[in-house]
Amino acid sequence: MTVCATASTTLPLPAEEPVVGNYFVAAYPPFSVWNPDDVSAFESALSEWSSTTPLGVYVHVPFCQKKCDYCYYLSYIGQKPEVVDRYIDSVVREMVLYAERPAVNGRPISFVYFGGGTPSTLTSSQVRRLGNGLRSALAWDAVEEVTFECAPRSVRRDFLETLFEIGVTRLSMGVQSFDNILLKLNGRIHLAEDVRRAYREIQQTGFDWVNLDLMVGLIGETRAQWRDSVRQMIELSPDSVTIYQTEIPYNTQLYSDLKTNRLPGAVASWAEKRERLSYAFGKLNGAGYTVVNAYAAVKDPARHRFRYQDYLWHGHDMLGLGVASFGYLGGVHYQNAATLESYESAVAEGFLPVKRAYRLSDYDQLVREFILQLKLGGLNPTDFRNKFGVDILEVFGTQLKTLAAARLLTYSASSVLLTNEGLLQVDRLLPLFYNAQYQEVRYT
Ligand SMILES: C[S@@+](CC[C@H](N)C(=O)[O-])C[C@H]1O[C@@H](n2cnc3c(N)ncnc32)[C@H](O)[C@@H]1O
Ligand code: SF4
């Protein structure tokens, strides 16, 4: 592994985030450098039993009732039930294809994450078919966490019972705002009263953990509207609150509206979004919550584990099933075909529907884990020495010094810790640690 010597100078800080494009870093290296040539590296990783770490599974459910103006996730609207049924069968078939491979066969699954899109648009019988199909391909006996994403309008009591039956432990629902005018302005289908009804029914079902999402800086949001949403969220008192800073990715309605000067309201600056996020964290703290990473506050930290995030961000393997899903296995990132047709036809012919991949060098793997763990607020250099055999204080000496000088981070032999100011803008800072060849490339 090549290690840069500790330098005495500091670097310029990354520029303020652009108005458009992605802010949230979900993977490293950036998706734009993943390529078809590396799919063979993914195939090789699958033929080796390369790891004894837990294996997680992410399942993408690409269906929604309506497309929200800000949303960049792949999802289809108004699909007929038979289209959804066929998709479920493809996902199960994809799992069966993986279960035959040496790197997956017989390996215990640690977590399952049903994300979207909106998984709660499925019917009870579709969710049973999906859950039972996946289980029969690979046992869930060792599963520690099953997360299921919902949107308020599509939550029904009988459906929640089915989720509980198939083993869902963690329910996550997108609230985004409690202000009906703002919800409508941003193309959201639900109203605040839908959230309250859905939340009551979720509580009655008795899931182990309930998370609610908010988005700060929706188009047209005022400080007063944000403060009121934070107040109403605290009143509901979920186990955790996750707050995303609104981005305007290229493939969204908001982006086309921005280009044609038709945005229905003002875009908050990044500084303003950070200010509002900081306000929310302060209020959540005051209400007894603990901020556990750059996005979430939890009511009971002693009970809090979010395996999907913890395992993936600590370098464990995860299969990504479904259209456009991404996964990580044996040091190789990969992503599936991005249209329903191409995804389903590959699976129907008995091929894995992988369209692009990236084999990470040892150094890339170190950077990947370092930046993902920084999103958790801090990390321990000893863990990196034990795993990668290097001193990260040396490898990232210049970058750490730069962020420490700007009071965004502190570090010592036993910890690297973001300050509050650093935590609020962590995704913007991460490119500082990227390998030089990825510094200027687009994220997706
Ligand atoms: C797949 S959605 C959650 C489940 C469900 N589809 C819903 O919207 O209620 C995941 C989360 O991503 C966040 N999100 C989507 N688009 C975003 C954007 N442009 N900027 C910031 N966060 C975004 C939202 O908070 C949303 O709850
Ligand atoms: S935010 Fe959720 S409901 Fe809205 S389009 Fe995206 S995935 Fe669908």
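Student: Which residues in α6 do Arg 157, Leu 160, Glu 161 and Phe 164 in α4 meet, and what makes this a contact?

Tutor: They meet Glu 201, Ile 202, Gln 204 and Thr 205 in α6; this is called contact because heavy atoms lie within 4.5 Å. The model is predicted: local features need pLDDT of at least 70 and side-chain atom pairs 80 or more, while totals for chains, interfaces and linings use all residues. Residues are numbered from 1 along each chain as its sequence is written, chains are lettered from A and ligands numbered from 1 in the order written, and side-chain values use heavy atoms, without hydrogens and water.

Student: How are the residues of the contact of α4 with α6 divided by class?

Tutor: There are three nonpolar, two polar and three charged residues. Asp, Glu, Lys and Arg count as charged, Ala, Val, Leu, Ile, Met, Phe, Trp, Tyr, Cys and Pro as nonpolar, and the others, Gly among them, as polar. The axes of α4 (residues 157-166) and α6 (residues 192-205) come within 10 Å and cross at roughly 40°, and the crossing is right-handed.

Student: Why is α2 called oblique to α11?

Tutor: The axes of α2 (residues 81-99) and α11 (residues 340-348) come within 9 Å and cross at roughly 50°. That angle makes α2 oblique to α11, because oblique covers what is left after under 35 degrees (roughly parallel), over 145 (roughly antiparallel) and 65 to 115 (roughly perpendicular). The crossing of α2 and α11 is left-handed, which means that the near helix is turned anticlockwise from the far one by less than a right angle.

Student: Which residues in α11 are met by α2?

Tutor: Leu 340, Tyr 343, Glu 344 and Val 347 in α11 are met by residues in α2 including Val 83, Tyr 87 and Leu 97. By class, this contact has seven nonpolar, one polar and four charged residues.

Student: What makes β15 and β16 edge strands?

Tutor: The open sheet of three strands has the order β15-β17-β16, with antiparallel pairing. β15 (378-379) and β16 (409-412) each pair on one side only.

Student: How do you know that β16 and β17 pair?

Tutor: Four bridges join β16 to β17 (residues 415-418); pairing needs at least two DSSP bridges, so these strands pair. Ser 412 has Ser 415 in β17 as bridge partner. Helix α15 (residues 397-405) packs on the sheet, touching β16 and β17, and its direction makes about 130° with that of β16.

Student: Which residues are around ligand 2?

Tutor: Among them are Cys 64, Lys 66, Tyr 70, Gly 117 and Arg 188; near means that a heavy atom lies within 4 Å. The shell has four nonpolar, two polar and three charged residues.

How values were computed. Axes fitted to C-alpha atoms, helices over the stretch in contact; angles between N-to-C directions.
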